Amino acid sequence: MTLKNINVAVCDDETEVLDTIKNYLISYQIQYDIECATHTFSNGSDFLESLDKIKFNIVFLDIEMPEMDGLEIAKHIREKSADDVYIIFVTSYPSYMHDSFQVQPFQYIVKPVTYDIFEKTMSDLFKHIQGRSNIRVVIDTDHEKQLVNISDIVYIRTHETQKLHLVYTLSDSQICGRGTLSSLEASLSEHGFILTNRSTLVNSGHILSFDDQSVRLDNGDVINISRRNLKSFRTFFANQIISDMKG
């Protein structure tokens, strides 16, 4: 995502909140010289219908709405796309945060929304996006060293037959390179990678959903979560959400 032509959706059953966030977005665009197209929705059904017509980059989503709540809407968003949609929950009930592990919100904003909090949230989001797009990993293949954007890596696993080799599964290809998972885990954990079992390191940005046995990724692959790694996996997402609430 660049800072131009950004599609933003705001879904809330309160007209006052819709107007507030829309006006904040106008102010933010002027202040930071970015371009956003803002689309407002007063219910989840209208918003979900628009997903087939508009590719949204950022979604501000109320959690508690009649008919269809924000968590259910967020699950539909994750079924259609993963890393390229950033969900920001706007809620009067921060206690809901523990129910949202599977939909990976970028952050929560607690009502009433102030411009200072809104501005910080947007700036944190763009800083996060730009940081992810600039970080690259060096993969040492048998013939050369390849540079790969960290956001393009879906997961990394140990090679089944070649000792001290790893298989990098990217969005559109696979690369085999030298290395060990233990050495990569230490350096990639701060960039959202989590060990799901002893042979697989997953980029959390590509996770669509998970339960206690496995994670489903946006390329269609399903990766097993071992009993040994389940606790640390759930803690990882809990810490992400708690950090977002504090941010």
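1. Let's start with helix α5, residues 181-188, where L181, L184 and L188 are buried (buried means under 20% relative accessible area, exposed over 50% and partly exposed in between, with a 1.4 Å probe and protein chains only). These buried residues lie on the same side of α5 because they cover an arc of only 65 degrees around the axis, the arc being that of the directions from the helix axis to the C-beta atoms. On the other side of α5 you will find S182 and A186, both exposed.

2. A word on the source: this is a predicted model, in which local features need pLDDT of at least 70, side-chain atom pairs count only at pLDDT 80 or more, and totals for chains, interfaces and linings use all residues. Residues are numbered from 1 along each chain as its sequence is written, and side-chain values use heavy atoms, with hydrogens and water left out.

3. What do the buried residues of α5 pack against? Their partners are β6 (136-140), β8 (153-158), β9 (165-170), β11 (193-197) and β12 (200-203), with contact meaning heavy atoms within 4.5 Å. Helices (H or I, at least four residues) and strands (E, at least two) are DSSP runs, numbered from the N terminus.

4. Strand β6 has alternating side chains: V137 and I139 are buried and point to one face, while R136, V138 and D140 point to the other and are not buried.

5. β6 runs antiparallel to β7 (residues 145-149), joined by five bridges; strands pair if DSSP finds at least two bridges between them. R136 has N149 of β7 as its bridge partner, and four residues separate the two strands of this hairpin.
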